Amino acid sequence: MKFDLTLGLVDRPGQLLKALEPIAKNGGNLIYILHEREKITGGFIPVSLVVDFPTVESFDRTKRELEKRGVSIIKSEEIIEKSLITCILVGRIDMEKLTESDIEGMKIINFEASAPTSKEACIRLNIEAPVKAVGKIMSRLKEMAKKEDAILISSV
Amino acid sequence: MIGFGFIGRHLAQALYVKRDVLKKVDKGFKLVGVGEIDGCAYNEKGLNLEELASIKKLSGCKDFSKGKTSVELIEDSGADIMIETTPTNIKDGQPGLTHIEKALEEGMHVVTSNKGPMVVAFKKLTDLAKKKACELRYEATVAGALPVFSLVRDCLRGDKILKISGILNGTSNYILSRMYFEGMSFELALREAQERGFTEADPSYDIEGIDPACKVVILANALMDRNVKFEDVERIGIRRVTPEAVNLAKRAGYAIKLIGTVDETLEVAPKLILENHPLCVHGTLNALHLEADLAGEITVIGYGAGKETVSAIMNDIISIVKTSA
(Lines give C-alpha, C1' and ligand atoms only; values in the text may rest on other atoms or scores of the structure.)
Protein backbone atom coordinates (compact mmCIF):
# COMPACT_ATOMS: atom_id res chain seq x y z
CA MET A 1 0.00 0.00 0.00
CA LYS A 2 1.24 3.40 -1.01
CA PHE A 3 1.53 6.40 1.31
CA ASP A 4 2.05 10.07 0.56
CA LEU A 5 4.40 11.63 3.14
CA THR A 6 5.73 15.15 3.59
CA LEU A 7 8.51 15.50 6.13
CA GLY A 8 10.07 18.67 7.49
CA LEU A 9 13.85 18.26 7.79
CA VAL A 10 16.21 20.57 9.67
CA ASP A 11 18.72 22.18 7.32
CA ARG A 12 21.73 20.22 8.64
CA PRO A 13 23.87 17.51 7.00
CA GLY A 14 22.66 13.89 7.50
CA GLN A 15 18.98 14.73 8.14
CA LEU A 16 17.68 13.01 4.99
CA LEU A 17 19.54 9.81 5.84
CA LYS A 18 18.08 9.98 9.36
CA ALA A 19 14.59 10.11 7.85
CA LEU A 20 15.11 7.36 5.29
CA GLU A 21 16.60 4.79 7.67
CA PRO A 22 13.32 3.92 9.50
CA ILE A 23 11.52 3.69 6.14
CA ALA A 24 14.02 1.15 4.80
CA LYS A 25 14.11 -0.75 8.12
CA ASN A 26 10.32 -1.25 7.99
CA GLY A 27 10.29 -2.53 4.42
CA GLY A 28 9.20 0.72 2.75
CA ASN A 29 9.99 0.95 -0.95
CA LEU A 30 10.66 4.50 -2.06
CA ILE A 31 8.74 5.31 -5.24
CA TYR A 32 9.17 9.09 -5.37
CA ILE A 33 11.16 11.72 -3.51
CA LEU A 34 11.35 15.50 -3.89
CA HIS A 35 13.73 17.57 -1.75
CA GLU A 36 12.54 21.20 -2.00
CA ARG A 37 15.41 23.27 -0.61
CA GLU A 38 14.01 26.44 -2.22
CA LYS A 39 10.81 26.12 -0.15
CA ILE A 40 12.56 26.22 3.22
CA THR A 41 10.15 27.51 5.89
CA GLY A 42 11.01 28.22 9.50
CA GLY A 43 14.29 26.38 9.11
CA PHE A 44 12.59 23.22 7.77
CA ILE A 45 13.03 21.83 4.26
CA PRO A 46 9.92 20.04 2.99
CA VAL A 47 10.64 16.58 1.56
CA SER A 48 7.79 14.85 -0.28
CA LEU A 49 7.84 11.08 -0.57
CA VAL A 50 5.66 8.31 -1.96
CA VAL A 51 6.49 5.04 -0.23
CA ASP A 52 5.08 1.56 -0.75
CA PHE A 53 4.79 -0.19 2.64
CA PRO A 54 3.99 -3.89 3.04
CA THR A 55 1.34 -3.25 5.75
CA VAL A 56 -0.39 -0.43 7.61
CA GLU A 57 1.48 -1.60 10.73
CA SER A 58 4.86 -1.13 9.06
CA PHE A 59 3.81 2.40 8.07
CA ASP A 60 2.63 3.20 11.61
CA ARG A 61 5.90 1.84 13.04
CA THR A 62 7.86 4.05 10.65
CA LYS A 63 5.91 7.12 11.72
CA ARG A 64 6.56 6.43 15.40
CA GLU A 65 10.27 5.95 14.74
CA LEU A 66 10.47 9.17 12.69
CA GLU A 67 8.82 11.10 15.51
CA LYS A 68 11.24 9.57 18.02
CA ARG A 69 14.12 10.76 15.84
CA GLY A 70 12.70 14.29 15.86
CA VAL A 71 11.69 14.27 12.20
CA SER A 72 8.55 16.35 11.81
CA ILE A 73 5.74 14.80 9.75
CA ILE A 74 3.81 17.51 7.91
CA LYS A 75 1.50 15.19 5.96
CA SER A 76 0.87 11.43 5.88
CA GLU A 77 -1.97 9.74 4.07
CA GLU A 78 -2.65 6.53 2.20
CA ILE A 79 -2.91 6.83 -1.57
CA ILE A 80 -6.10 5.09 -2.62
CA GLU A 81 -5.86 3.96 -6.24
CA LYS A 82 -9.12 4.58 -8.01
CA SER A 83 -10.80 2.85 -10.91
CA LEU A 84 -13.34 4.26 -13.29
CA ILE A 85 -16.09 1.80 -14.06
CA THR A 86 -18.82 2.00 -16.68
CA CYS A 87 -21.96 -0.08 -16.35
CA ILE A 88 -25.54 -0.11 -17.59
CA LEU A 89 -28.69 -0.92 -15.66
CA VAL A 90 -31.77 -2.12 -17.53
CA GLY A 91 -35.16 -2.39 -15.83
CA ARG A 92 -36.97 -0.56 -13.08
CA ILE A 93 -34.34 1.74 -11.65
CA ASP A 94 -34.92 4.01 -8.68
CA MET A 95 -32.22 6.65 -9.15
CA GLU A 96 -32.85 8.10 -5.70
CA LYS A 97 -32.31 4.72 -4.09
CA LEU A 98 -29.16 4.26 -6.11
CA THR A 99 -27.60 7.60 -5.23
CA GLU A 100 -28.55 7.21 -1.58
CA SER A 101 -27.27 3.65 -1.39
CA ASP A 102 -24.64 3.03 1.25
CA ILE A 103 -22.28 1.14 -1.04
CA GLU A 104 -18.96 1.93 0.59
CA GLY A 105 -16.41 3.63 -1.64
CA MET A 106 -18.75 4.03 -4.65
CA LYS A 107 -19.00 7.48 -6.15
CA ILE A 108 -21.25 8.09 -9.15
CA ILE A 109 -19.33 10.53 -11.37
CA ASN A 110 -22.04 10.93 -14.00
CA PHE A 111 -24.88 9.09 -15.67
CA GLU A 112 -26.86 9.09 -18.87
CA ALA A 113 -30.41 7.86 -19.02
CA SER A 114 -32.26 6.90 -22.13
CA ALA A 115 -35.92 7.59 -22.80
CA PRO A 116 -37.34 4.09 -23.05
CA THR A 117 -39.39 3.04 -26.03
CA SER A 118 -40.17 -0.18 -24.18
CA LYS A 119 -41.19 -0.75 -20.56
CA GLU A 120 -37.52 -1.19 -19.60
CA ALA A 121 -35.73 1.94 -18.43
CA CYS A 122 -32.03 2.17 -19.08
CA ILE A 123 -29.20 4.09 -17.49
CA ARG A 124 -25.44 4.18 -17.97
CA LEU A 125 -23.36 4.95 -14.90
CA ASN A 126 -19.77 6.09 -14.60
CA ILE A 127 -18.52 5.16 -11.18
CA GLU A 128 -15.31 5.92 -9.34
CA ALA A 129 -14.21 3.32 -6.81
CA PRO A 130 -11.05 2.26 -4.97
CA VAL A 131 -9.34 -0.44 -7.08
CA LYS A 132 -9.47 -2.93 -4.23
CA ALA A 133 -13.20 -2.43 -3.70
CA VAL A 134 -14.33 -2.78 -7.34
CA GLY A 135 -15.36 -6.45 -7.02
CA LYS A 136 -17.34 -5.81 -3.86
CA ILE A 137 -19.05 -2.73 -5.29
CA MET A 138 -20.08 -4.56 -8.47
CA SER A 139 -21.48 -7.44 -6.40
CA ARG A 140 -23.54 -4.98 -4.33
CA LEU A 141 -24.82 -3.29 -7.49
CA LYS A 142 -25.71 -6.67 -8.96
CA GLU A 143 -27.62 -7.60 -5.79
CA MET A 144 -29.43 -4.28 -5.86
CA ALA A 145 -30.37 -4.75 -9.53
CA LYS A 146 -31.66 -8.26 -8.80
CA LYS A 147 -33.84 -6.99 -5.97
CA GLU A 148 -35.38 -4.39 -8.28
CA ASP A 149 -35.80 -6.94 -11.10
CA ALA A 150 -33.29 -5.01 -13.21
CA ILE A 151 -30.15 -6.37 -14.88
CA LEU A 152 -26.65 -5.02 -14.47
CA ILE A 153 -24.44 -4.99 -17.56
CA SER A 154 -20.94 -4.50 -16.21
CA SER A 155 -17.77 -4.01 -18.23
CA VAL A 156 -15.16 -6.67 -18.88
CA MET B 1 -19.32 -42.64 -35.96
CA ILE B 2 -22.57 -42.25 -34.06
CA GLY B 3 -24.97 -39.60 -35.36
CA PHE B 4 -25.62 -38.69 -38.99
CA GLY B 5 -27.17 -35.26 -38.53
CA PHE B 6 -25.69 -31.94 -39.62
CA ILE B 7 -22.26 -32.53 -38.06
CA GLY B 8 -22.15 -36.25 -38.92
CA ARG B 9 -22.94 -35.63 -42.60
CA HIS B 10 -20.38 -32.82 -42.89
CA LEU B 11 -17.81 -34.99 -41.15
CA ALA B 12 -18.48 -37.81 -43.65
CA GLN B 13 -17.88 -35.29 -46.46
CA ALA B 14 -14.65 -34.08 -44.81
CA LEU B 15 -13.45 -37.68 -44.33
CA TYR B 16 -14.03 -38.26 -48.05
CA VAL B 17 -12.40 -34.99 -49.19
CA LYS B 18 -9.45 -35.46 -46.82
CA ARG B 19 -9.03 -39.20 -47.41
CA ASP B 20 -5.47 -38.74 -48.69
CA VAL B 21 -4.48 -36.73 -45.61
CA LEU B 22 -5.89 -39.48 -43.38
CA LYS B 23 -4.17 -42.25 -45.37
CA LYS B 24 -0.88 -40.42 -44.91
CA VAL B 25 -1.35 -40.54 -41.14
CA ASP B 26 -2.57 -44.14 -41.16
CA LYS B 27 -2.59 -46.25 -44.32
CA GLY B 28 -5.35 -48.45 -42.96
CA PHE B 29 -7.67 -45.62 -41.88
CA LYS B 30 -11.31 -46.49 -42.57
CA LEU B 31 -14.77 -45.61 -41.30
CA VAL B 32 -16.36 -48.98 -40.49
CA GLY B 33 -19.72 -47.91 -39.12
CA VAL B 34 -22.24 -45.11 -38.73
CA GLY B 35 -25.08 -45.26 -36.23
CA GLU B 36 -28.38 -43.41 -36.39
CA ILE B 37 -31.63 -43.58 -34.47
CA ASP B 38 -33.32 -45.94 -37.00
CA GLY B 39 -30.39 -48.23 -37.74
CA CYS B 40 -26.73 -48.51 -38.61
CA ALA B 41 -24.47 -48.80 -41.62
CA TYR B 42 -21.59 -51.22 -41.10
CA ASN B 43 -18.87 -52.72 -43.26
CA GLU B 44 -15.75 -54.14 -41.64
CA LYS B 45 -13.73 -53.36 -44.80
CA GLY B 46 -14.77 -49.71 -44.54
CA LEU B 47 -17.88 -47.86 -45.68
CA ASN B 48 -17.92 -46.16 -49.06
CA LEU B 49 -17.03 -42.56 -48.08
CA GLU B 50 -18.00 -41.16 -51.47
CA GLU B 51 -21.46 -42.63 -51.05
CA LEU B 52 -21.76 -41.40 -47.44
CA ALA B 53 -20.67 -37.92 -48.46
CA SER B 54 -23.51 -37.70 -50.98
CA ILE B 55 -26.50 -38.98 -49.00
CA LYS B 56 -28.78 -37.04 -46.66
CA LYS B 57 -30.22 -40.01 -44.76
CA LEU B 58 -28.17 -42.92 -43.51
CA SER B 59 -30.86 -45.35 -44.70
CA GLY B 60 -29.69 -44.44 -48.23
CA CYS B 61 -26.37 -46.23 -47.62
CA LYS B 62 -26.08 -49.70 -49.16
CA ASP B 63 -24.59 -51.13 -45.94
CA PHE B 64 -27.52 -49.87 -43.81
CA SER B 65 -29.33 -52.30 -41.49
CA LYS B 66 -32.61 -51.06 -40.07
CA GLY B 67 -33.14 -51.63 -36.35
CA LYS B 68 -29.54 -52.18 -35.33
CA THR B 69 -28.77 -49.89 -32.38
CA SER B 70 -25.78 -47.61 -32.00
CA VAL B 71 -24.77 -49.43 -28.80
CA GLU B 72 -24.76 -52.73 -30.74
CA LEU B 73 -22.66 -51.08 -33.43
CA ILE B 74 -20.12 -49.90 -30.83
CA GLU B 75 -19.98 -53.41 -29.34
CA ASP B 76 -19.63 -55.21 -32.68
CA SER B 77 -17.56 -52.79 -34.73
CA GLY B 78 -14.11 -53.53 -33.29
CA ALA B 79 -13.24 -49.90 -34.06
CA ASP B 80 -10.31 -48.06 -32.48
CA ILE B 81 -12.08 -44.72 -32.30
CA MET B 82 -15.74 -43.82 -31.70
CA ILE B 83 -16.89 -40.38 -32.89
CA GLU B 84 -19.98 -39.06 -31.13
CA THR B 85 -22.01 -36.44 -33.02
CA THR B 86 -25.56 -36.94 -31.68
CA PRO B 87 -27.54 -33.87 -30.53
CA THR B 88 -26.80 -32.27 -27.16
CA ASN B 89 -29.01 -33.10 -24.21
CA ILE B 90 -27.91 -31.28 -21.08
CA LYS B 91 -30.52 -32.87 -18.80
CA ASP B 92 -28.96 -36.32 -18.64
CA GLY B 93 -26.46 -36.32 -21.51
CA GLN B 94 -28.25 -39.14 -23.33
CA PRO B 95 -27.91 -40.88 -25.70
CA GLY B 96 -24.35 -39.58 -26.13
CA LEU B 97 -23.36 -40.42 -22.56
CA THR B 98 -24.18 -44.11 -23.01
CA HIS B 99 -22.33 -44.19 -26.36
CA ILE B 100 -19.19 -42.65 -24.84
CA GLU B 101 -19.26 -44.87 -21.74
CA LYS B 102 -19.79 -47.96 -23.88
CA ALA B 103 -16.95 -47.05 -26.25
CA LEU B 104 -14.51 -46.35 -23.41
CA GLU B 105 -15.52 -49.61 -21.68
CA GLU B 106 -14.72 -51.37 -24.98
CA GLY B 107 -11.27 -49.72 -24.95
CA MET B 108 -11.97 -47.29 -27.81
CA HIS B 109 -10.66 -43.76 -28.00
CA VAL B 110 -13.47 -41.21 -28.18
CA VAL B 111 -13.93 -37.96 -30.08
CA THR B 112 -17.09 -36.04 -29.35
CA SER B 113 -18.77 -32.89 -30.62
CA ASN B 114 -21.69 -33.51 -28.27
CA LYS B 115 -21.57 -31.20 -25.23
CA GLY B 116 -24.23 -33.01 -23.21
CA PRO B 117 -22.13 -35.88 -21.84
CA MET B 118 -19.20 -33.54 -21.08
CA VAL B 119 -21.47 -31.20 -19.15
CA VAL B 120 -23.27 -33.80 -17.04
CA ALA B 121 -20.41 -36.28 -16.50
CA PHE B 122 -17.05 -34.65 -17.24
CA LYS B 123 -15.16 -36.16 -14.32
CA LYS B 124 -16.78 -39.58 -14.64
CA LEU B 125 -15.87 -39.78 -18.33
CA THR B 126 -12.34 -38.43 -18.01
CA ASP B 127 -11.70 -40.83 -15.09
CA LEU B 128 -13.06 -43.75 -17.13
CA ALA B 129 -10.89 -42.80 -20.12
CA LYS B 130 -7.83 -42.65 -17.85
CA LYS B 131 -8.66 -46.01 -16.28
CA LYS B 132 -9.04 -47.61 -19.72
CA ALA B 133 -5.91 -45.82 -21.06
CA CYS B 134 -8.04 -44.31 -23.82
CA GLU B 135 -8.08 -40.81 -25.22
CA LEU B 136 -11.20 -38.72 -24.83
CA ARG B 137 -11.13 -35.62 -27.02
CA TYR B 138 -13.83 -32.96 -27.12
CA GLU B 139 -12.39 -29.94 -28.97
CA ALA B 140 -15.62 -29.47 -30.97
CA THR B 141 -17.77 -29.11 -27.85
CA VAL B 142 -16.61 -25.55 -27.15
CA ALA B 143 -16.46 -22.78 -29.75
CA GLY B 144 -16.59 -25.14 -32.76
CA ALA B 145 -13.54 -24.75 -34.95
CA LEU B 146 -11.53 -22.67 -32.46
CA PRO B 147 -8.56 -24.55 -31.03
CA VAL B 148 -8.99 -24.16 -27.29
CA PHE B 149 -8.20 -27.44 -25.53
CA SER B 150 -5.50 -28.33 -28.08
CA LEU B 151 -4.01 -24.86 -27.69
CA VAL B 152 -3.69 -25.23 -23.93
CA ARG B 153 -2.74 -28.94 -23.98
CA ASP B 154 -0.11 -28.66 -26.73
CA CYS B 155 1.12 -25.08 -26.67
CA LEU B 156 0.69 -23.87 -23.08
CA ARG B 157 2.04 -26.93 -21.26
CA GLY B 158 3.82 -24.91 -18.59
CA ASP B 159 1.09 -22.36 -18.06
CA LYS B 160 -1.59 -22.11 -15.45
CA ILE B 161 -4.85 -20.74 -16.83
CA LEU B 162 -6.03 -17.94 -14.55
CA LYS B 163 -9.12 -16.69 -16.33
CA ILE B 164 -11.20 -17.54 -19.38
CA SER B 165 -13.75 -15.25 -20.96
CA GLY B 166 -15.39 -15.36 -24.30
CA ILE B 167 -18.21 -15.08 -26.76
CA LEU B 168 -19.30 -18.70 -26.86
CA ASN B 169 -22.55 -18.53 -28.81
CA GLY B 170 -22.70 -17.32 -32.40
CA THR B 171 -26.48 -16.85 -32.47
CA SER B 172 -26.61 -14.42 -29.55
CA ASN B 173 -23.61 -12.60 -31.02
CA TYR B 174 -25.43 -12.28 -34.35
CA ILE B 175 -28.48 -10.78 -32.60
CA LEU B 176 -26.42 -8.33 -30.52
CA SER B 177 -24.38 -7.36 -33.60
CA ARG B 178 -27.55 -6.55 -35.56
CA MET B 179 -28.80 -4.47 -32.63
CA TYR B 180 -25.43 -2.69 -32.48
CA PHE B 181 -25.03 -1.93 -36.18
CA GLU B 182 -28.65 -1.50 -37.30
CA GLY B 183 -30.31 -0.30 -34.09
CA MET B 184 -32.77 -3.20 -34.34
CA SER B 185 -34.96 -4.36 -31.47
CA PHE B 186 -34.09 -7.67 -29.88
CA GLU B 187 -37.30 -9.25 -31.23
CA LEU B 188 -36.58 -8.20 -34.81
CA ALA B 189 -32.94 -9.32 -34.68
CA LEU B 190 -34.07 -12.68 -33.23
CA ARG B 191 -36.64 -13.11 -36.01
CA GLU B 192 -33.96 -12.37 -38.60
CA ALA B 193 -31.60 -14.92 -36.99
CA GLN B 194 -34.41 -17.49 -37.08
CA GLU B 195 -35.16 -16.77 -40.74
CA ARG B 196 -31.48 -17.22 -41.58
CA GLY B 197 -31.43 -20.58 -39.78
CA PHE B 198 -29.00 -19.54 -37.04
CA THR B 199 -31.22 -20.58 -34.13
CA GLU B 200 -32.73 -23.79 -32.86
CA ALA B 201 -36.51 -24.27 -33.18
CA ASP B 202 -36.58 -23.21 -29.52
CA PRO B 203 -34.17 -20.24 -29.42
CA SER B 204 -34.02 -20.09 -25.61
CA TYR B 205 -31.00 -22.40 -25.71
CA ASP B 206 -29.02 -19.58 -27.35
CA ILE B 207 -30.60 -16.39 -26.01
CA GLU B 208 -31.05 -17.48 -22.40
CA GLY B 209 -27.36 -18.36 -22.21
CA ILE B 210 -27.90 -22.12 -21.74
CA ASP B 211 -25.52 -23.09 -24.54
CA PRO B 212 -22.64 -20.83 -23.40
CA ALA B 213 -23.21 -21.93 -19.78
CA CYS B 214 -22.59 -25.55 -20.90
CA LYS B 215 -19.32 -24.42 -22.48
CA VAL B 216 -18.33 -22.55 -19.32
CA VAL B 217 -18.75 -25.82 -17.38
CA ILE B 218 -16.54 -27.76 -19.81
CA LEU B 219 -13.88 -25.02 -19.89
CA ALA B 220 -13.77 -24.79 -16.09
CA ASN B 221 -13.49 -28.54 -15.66
CA ALA B 222 -11.04 -29.14 -18.50
CA LEU B 223 -8.71 -26.15 -18.26
CA MET B 224 -8.93 -25.02 -14.65
CA ASP B 225 -9.21 -28.36 -12.93
CA ARG B 226 -12.56 -27.59 -11.39
CA ASN B 227 -15.42 -29.98 -10.72
CA VAL B 228 -18.47 -27.84 -11.49
CA LYS B 229 -21.96 -28.48 -12.81
CA PHE B 230 -24.33 -26.56 -15.05
CA GLU B 231 -26.29 -25.35 -11.99
CA ASP B 232 -23.14 -23.65 -10.66
CA VAL B 233 -23.14 -21.15 -13.52
CA GLU B 234 -24.80 -17.81 -12.80
CA ARG B 235 -26.71 -17.05 -15.99
CA ILE B 236 -28.43 -14.01 -17.54
CA GLY B 237 -29.46 -14.13 -21.20
CA ILE B 238 -29.81 -11.33 -23.72
CA ARG B 239 -33.64 -11.14 -23.89
CA ARG B 240 -33.70 -7.97 -21.78
CA VAL B 241 -30.99 -6.12 -23.69
CA THR B 242 -32.83 -3.17 -25.22
CA PRO B 243 -31.85 -1.00 -28.21
CA GLU B 244 -31.49 1.89 -25.71
CA ALA B 245 -28.94 -0.10 -23.70
CA VAL B 246 -27.00 -0.93 -26.87
CA ASN B 247 -27.07 2.73 -27.87
CA LEU B 248 -25.95 3.97 -24.44
CA ALA B 249 -23.08 1.49 -24.56
CA LYS B 250 -22.13 2.56 -28.08
CA ARG B 251 -22.06 6.24 -27.11
CA ALA B 252 -19.40 5.41 -24.50
CA GLY B 253 -17.30 3.29 -26.89
CA TYR B 254 -18.63 -0.11 -25.86
CA ALA B 255 -20.58 -2.96 -27.45
CA ILE B 256 -22.79 -5.32 -25.46
CA LYS B 257 -21.82 -9.00 -25.84
CA LEU B 258 -22.96 -12.19 -24.12
CA ILE B 259 -19.81 -13.25 -22.27
CA GLY B 260 -19.03 -16.51 -20.52
CA THR B 261 -16.50 -16.11 -17.71
CA VAL B 262 -14.51 -18.61 -15.69
CA ASP B 263 -12.39 -17.33 -12.79
CA GLU B 264 -13.37 -17.50 -9.14
CA THR B 265 -16.91 -17.13 -10.48
CA LEU B 266 -18.74 -18.96 -13.24
CA GLU B 267 -20.95 -16.64 -15.18
CA VAL B 268 -22.76 -16.04 -18.45
CA ALA B 269 -24.12 -12.51 -18.77
CA PRO B 270 -24.34 -9.55 -21.15
CA LYS B 271 -21.25 -7.39 -20.65
CA LEU B 272 -19.84 -4.14 -21.93
CA ILE B 273 -16.79 -4.68 -24.13
CA LEU B 274 -14.64 -1.82 -25.35
CA GLU B 275 -14.83 -1.59 -29.13
CA ASN B 276 -11.07 -2.12 -29.45
CA HIS B 277 -10.95 -5.14 -27.10
CA PRO B 278 -9.93 -8.37 -28.88
CA LEU B 279 -13.15 -10.03 -27.69
CA CYS B 280 -15.26 -7.47 -29.52
CA VAL B 281 -16.06 -9.53 -32.62
CA HIS B 282 -19.32 -9.36 -34.52
CA GLY B 283 -21.73 -11.48 -36.54
CA THR B 284 -21.75 -15.19 -35.77
CA LEU B 285 -18.08 -15.21 -34.74
CA ASN B 286 -16.93 -16.67 -31.43
CA ALA B 287 -13.91 -15.42 -29.49
CA LEU B 288 -12.11 -16.82 -26.51
CA HIS B 289 -9.72 -14.87 -24.30
CA LEU B 290 -7.32 -16.75 -22.04
CA GLU B 291 -5.23 -15.27 -19.24
CA ALA B 292 -2.29 -17.50 -18.38
CA ASP B 293 0.47 -17.01 -15.81
CA LEU B 294 3.37 -17.27 -18.27
CA ALA B 295 1.86 -16.42 -21.66
CA GLY B 296 -0.27 -13.52 -20.46
CA GLU B 297 -3.28 -12.88 -22.65
CA ILE B 298 -4.20 -14.92 -25.73
CA THR B 299 -7.30 -14.52 -27.89
CA VAL B 300 -8.61 -16.93 -30.52
CA ILE B 301 -11.37 -15.93 -32.91
CA GLY B 302 -13.37 -18.01 -35.38
CA TYR B 303 -16.59 -19.83 -36.13
CA GLY B 304 -18.14 -21.59 -33.19
CA ALA B 305 -20.85 -23.59 -34.94
CA GLY B 306 -21.83 -24.90 -38.34
CA LYS B 307 -19.81 -27.05 -40.74
CA GLU B 308 -16.52 -25.47 -39.57
CA THR B 309 -16.89 -27.58 -36.40
CA VAL B 310 -15.72 -30.66 -38.34
CA SER B 311 -12.24 -29.10 -38.40
CA ALA B 312 -11.99 -29.64 -34.63
CA ILE B 313 -13.25 -33.23 -34.93
CA MET B 314 -10.78 -33.99 -37.72
CA ASN B 315 -7.91 -32.60 -35.66
CA ASP B 316 -8.92 -34.74 -32.68
CA ILE B 317 -9.11 -37.87 -34.89
CA ILE B 318 -5.72 -37.21 -36.50
CA SER B 319 -4.12 -36.46 -33.10
CA ILE B 320 -5.35 -39.79 -31.73
CA VAL B 321 -4.32 -41.72 -34.83
CA LYS B 322 -0.84 -40.14 -34.68
CA THR B 323 -0.28 -40.83 -30.97
CA SER B 324 -1.59 -44.41 -31.15
CA ALA B 325 0.28 -45.25 -34.37
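**Exercise 1. The sheet of chain A**

Which residue in strand 8 of chain A is the bridge partner of Cys87(A)? Using this predicted model, place the pair in its sheet and describe the sheet's edges.

*Solution.*
Step 1. The bridge partner of Cys87(A) in strand 8 of chain A is Ser154(A).

Step 2. Strand 5 of chain A, residues 82–91, pairs with strand 8 of chain A over four bridges, in the antiparallel sense.

Step 3. These strands belong to an open sheet of four strands in chain A, whose order is 6-7-5-8 with antiparallel pairing. Strand 6 (107–114) and strand 8 (151–154) of chain A each have a single partner strand and stand at the edges, so one side of each lacks a neighbour in the sheet. From one strand to the next, the twist averages 25°.

Step 4. A helix of the other chain is then added to the picture. Helix 13 of chain B (residues 243–251) lies across strand 5, strand 6 and strand 7 (121–130) of chain A. Its direction makes an angle of about 40° with strand 7 of chain A.

**Exercise 2. Salt bridges within and between chains**

Determine how many salt bridges occur over all chains, then examine the pairs Glu81(A) with Lys2(A), Asp11(A) with Arg37(A), and Arg178(B) with Glu192(B).

*Solution.*
Step 1. The count over all chains comes to 29 salt bridges.

Step 2. In the salt bridge between Glu81(A) and Lys2(A), the closest N and O atoms are 3.4 Å apart. Glu81(A) lies in the loop between strand 4 (72–78) and strand 5 of chain A, and Lys2(A) in strand 1 (residues 2–10) of chain A, so the pair ties together parts 79 residues apart in sequence. Glu81(A) is partly exposed at 48% relative accessibility, and Lys2(A) is partly exposed at 27%.

Step 3. Asp11(A) and Arg37(A) form a salt bridge whose closest N and O atoms are 2.6 Å apart. Asp11(A) sits in the loop between strand 1 and helix 1 (15–25) of chain A, while Arg37(A) sits in the loop between strand 2 (29–35) and strand 3 (44–52) of chain A; the pair thus links distant parts of the chain, 26 residues apart. Relative accessibility is 36% for Asp11(A), which counts as partly exposed, and 45% for Arg37(A), also partly exposed.

Step 4. In chain B, the side chains of Arg178(B) and Glu192(B) meet in a salt bridge of 2.6 Å, N to O. Arg178(B) belongs to helix 9 (residues 170–182) and Glu192(B) to helix 10 (residues 186–195) of chain B, so this pair ties together parts 14 residues apart in sequence. With buried meaning under 20% relative accessible area, Glu192(B) is buried at 17%, whereas Arg178(B) is partly exposed at 23%.

Step 5. A network of salt bridges links Lys142(A) with Glu234(B), Glu267(B) and Lys271(B).

**Exercise 3. The two faces of helix 7 of chain B**

Identify the buried residues of helix 7 of chain B, and establish why they line one face of the helix.

*Solution.*
Step 1. Helix 7 of chain B covers residues 122–131, and its buried residues are Phe122(B), Leu125(B), Leu128(B) and Ala129(B).

Step 2. Viewed down the axis of helix 7 of chain B, the buried residues fall within an arc of 140°, so they line one face of the helix.

Step 3. These buried residues pack against helix 5 (96–105), helix 6 (115–120), strand 6 (136–137) and helix 12 (210–223) of chain B.

Step 4. The face turned away from the buried side of helix 7 of chain B carries the exposed residues Lys124(B), Lys130(B) and Lys131(B).

Step 5. Just after helix 7 of chain B, Ala133(B) adopts a positive phi of about 55°.

Key
Residues are numbered from 1 along each chain as its sequence is written. Chains are lettered from A and ligands numbered from 1 in the order in which they are written. This is a predicted model: local features need pLDDT of at least 70, side-chain atom pairs count only at pLDDT 80 or more; totals for chains, interfaces and linings use all residues. Side-chain values use heavy atoms; hydrogens and water are left out. Two strands pair if DSSP finds at least two bridges between them. Helices (H or I, at least four residues) and strands (E, at least two) are DSSP runs, numbered from the N terminus. Axes are lines fitted to C-alpha atoms, for helices over the stretch in contact, and angles run from 0 to 180 degrees between N-to-C directions. Contact means heavy atoms within 4.5 Å. A salt bridge is a side-chain nitrogen of Lys or Arg within 4 Å of a carboxyl oxygen of Asp or Glu. Buried means under 20% relative accessible area, exposed over 50%, partly exposed in between (1.4 Å probe, protein chains only). The arc is that of the directions from the helix axis to the C-beta atoms.
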